[in-house]
Amino acid sequence: MKIEWTKTPVGRRKFLKGATALGAAAALPMGLGSRAMAADGGTLRVRSYGDLQSIDPAFSKGVIDEEIHASIYNKLIQYKPGREWDWQMDAAAMIEQGDETHIKFALRDDIGFTNGFGAMTAEDVKFSFERIVAEETESPNKPDMGPLSHVEVTGEREGTIVLKEPFAPLWSIALPYITGNIVSKKAWEAAGGKATTDPVAESGPYLRDSWLPKEKTVLKRNPDWKGEAPAWDTIEILPIDDENTAEIAFEAGELDFTRVSLGSVQRYRDGVPNSGTLLEYPSLYYTWLGMNLDHPKLQNKKLRQAIQHAIDVPSVLEAAYFGAVQPSTGIIAPGLAGNRAQSLVPPQADFAKAAELLAESGETNVTLKLDTLNKTTFTTAAQVIQATLAQIGIAVEVNVLESGAFWASADNEDLQLVLNRYSMTPDPYYATSWFTTEQVGHWNWEQFSNEEFDKIHAEAAQLTDQAKRDQMYQRAQDLMEESGAYRFLTHEATPVVHSAHVVPALRPDGLALLRYFGKA
């Protein structure tokens, strides 16, 4: 599958870029500035846009955790690095789909768990997959496993995955992503069934050596790994929220790999410092402004519709993304089934219509709080939204949060407006998963609940007719927009830079597969 991406010229910077060199340096993880140069010896230093949240795949917070999990655990199959979406064998020596609901597998015989928990067996696969969908686990990642019924163990290392019904995203989400990580049944049971931030048993080519919150996670080569040897002895993962800050670290030689801001793309096209390289990828991320339907201030639909029409998306993108990205029409990117040609609310603001809707709402002296992540792109976008809503008399307070507080917003009962961004995999099922009624209180921060939407989400995943899925997922996004709880902004793009010593291994959307990173 190839993702379509329309490049646009990098626009003129109309707003302050954000962090100054001095301010950005102060935002670097503690002690980074005093370290040796990146790629020094056998150490690879990469940036993550957030800090580790959980070492347990059942409670993974997404890409941030998965970059670590994919290195210290194994899956039956893993994403294959490259420009086209594909997968490759990992812990599986054999895997085949017998019919629409049965997938047979056999494990390699050379993978073992640390801390004396023995060889990986089919019982571990059964335990890992079934605990994700078990009600008592209460895993927020349960949708990834779709209609999993159970895993039949047919031998020490052989088994069959049994589905309740066909599930198209099995090969693009369930097995090669977060929920596909295989943990040790014995280790997890010894730990009481759940791990927090310390691994209880690992099996991948790397082991989690240490974790200093808000400073770094260190991975070390697993001495007992029998598969293809990883290229790096050590990987240091530095949590840096802001891309402008990460660029300073990269240019100082203290990082080997980082995503960079779109505002810096033209500069890097002219040359990357330290003989580095710029790579440009399309993105599956989706960014939007959400409105909490349960909050007393936002229960008037006319008010929410006024907000939708008052936000001028092109102005937001010009300021926050330097005009280098296109407006999105929903949560499903171009190139995937379900992408809409246009949204119901045009990207350009219509202040007259917004004012009319506000008058119809009967609301006056409206004041709202807009939560956003502490990242230059988002704070800039929030400021533009604040300015445009002021034009119809809505006062907005921008509330900037560090990553830990922001990603705990599901527990924030006072959440009103939120500028948000989720990661994505190459199937529309993954996008709609987080906005079902079941996800209220987890990832569905808008508290959006729609019976037709839930039905589409459940039924579209069972179909192999891509044309029919396309129409169903388009309708699902219509329902989201009609609720008034969403103003879709962009899918962004993924420009990354790497040092001359590194051969990065990336997904087709530019996200890192660290275990496969090589040396130049």
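The paragraphs below lead through two sheets, a buried lysine, an enclosed helix and several aromatic rings of this structure. The model is a predicted one.

A sheet of four strands is a convenient place to start. Strands S4, S5, S7 and S6 form this open sheet, in that order, with antiparallel pairing. Its edges are strand S4 (92-99) and strand S6 (148-153), each of which pairs on one side only. On average, neighbouring strands of the sheet are turned by 20° against each other, direction ignored.

The sheet can be followed from one edge to the other. S4 and S5 are joined by a hairpin of two residues, and six bridges connect these two strands in the antiparallel sense. Within this pairing, Ala92 stands opposite Leu107 in S5. S5 is in turn joined to S7 by five bridges, and these two strands run antiparallel. Here His102 has Val162 in S7 as its bridge partner. The last step goes from strand S7 (residues 158-163) to S6, again antiparallel and over five bridges. Val153 has Gly159 in S7 as its bridge partner. Such pairing between the strands of a sheet is made through backbone hydrogen bonds, which may be parallel or antiparallel.

A helix accompanies this sheet. Helix H3 (residues 122-133) lies across strand S5 (102-107), S6 and S7, and runs at about 165° to S6.

Lys75 comes before this sheet in the chain. Its place is the loop between helix H2 (63-72) and strand S2 (77-79). Is Lys75 buried or exposed? Lys75 has 0% relative accessibility, so it counts as buried. The side chain of Lys75 makes a polar contact of 3.4 Å with the side chain of Gln78. Beyond its neighbours within four places in sequence, Lys75 is in contact with a number of residues, including Glu66, Ala70, Asp90, Ala91 and Ala92. Further along the chain, its contacts include Leu175, Pro176, Tyr177, Gly180, Asn181 and Ile182.

Helix H5 shows burial on the scale of a whole element. Seven of the nine residues of H5 (residues 243-251) are buried, so the helix is largely enclosed by the rest of the structure. The buried residues are Glu243, Asn244, Thr245, Ala246, Glu247, Ala249 and Phe250. An α-helix has 3.6 residues a turn, so residues three or four places apart point the same way. At the start of H5, a side-chain oxygen of Asp242 comes to within 3.0 Å of the backbone nitrogen of Asn244. After the helix comes Gly253, with a positive phi near 80°.

The second sheet has five strands. It is open, its order is S15-S14-S16-S13-S17, and its pairing is mixed. Strand S15 (395-401) and S17 are the edge strands, each pairing on one side only. From one strand to the next, the twist averages 25°. Inside the sheet, strand S13 (residues 286-291) and strand S16 (residues 417-422) run antiparallel and are joined by six bridges. Met291 has Leu417 in S16 as its bridge partner. Helix H10 (residues 376-390) lies across S13, strand S14 (367-373), S15 and S16, and runs at about 165° to S14.

Aromatic rings complete the tour. The whole structure contains 27 aromatic pairs. One of them is formed by Trp434 and Trp443, whose ring centres are 6.4 Å apart and whose planes are at 70°, so the pair is edge-to-face. Trp434 is buried because its relative accessibility is 4%, and Trp443 is buried because its value is 9%. Phe435 and Tyr486 form another pair, with centres 5.7 Å apart and planes at 85°, so this pair is edge-to-face. The two residues are 51 residues apart and the pair links distant parts of the chain: Phe435 lies in the loop between helix H12 (428-432) and helix H13 (451-460), and Tyr486 lies in strand S17 (residues 486-490). Phe435 is buried at 0% relative accessible area, and Tyr486 is buried at 1% relative accessibility.

Other rings have a charged side chain over them. Arg421 lies over the face of Tyr285, 3.6 Å from the ring centre. The charged end of Lys519 is placed over the ring of Trp232, at 5.0 Å from its centre.

Note on methods. Residues numbered from 1 in each chain as written. Heavy atoms only, no water. Buried < 20%, exposed > 50% of the residue type's maximum accessible area, 1.4 Å probe, protein only. Polar contact = N/O pair within 3.5 Å; in protein donor to acceptor, adjacent residues only side chain to side chain. Contact = heavy atoms within 4.5 Å. Phe/Tyr/Trp six-rings, centres within 6.5 Å; stacked < 30°, edge-to-face > 60°. Lys NZ or Arg CZ within 6 Å of the ring centre and 35° of its normal. Pairing = 2+ DSSP bridges. Axes fitted to C-alpha atoms, helices over the stretch in contact; angles between N-to-C directions.
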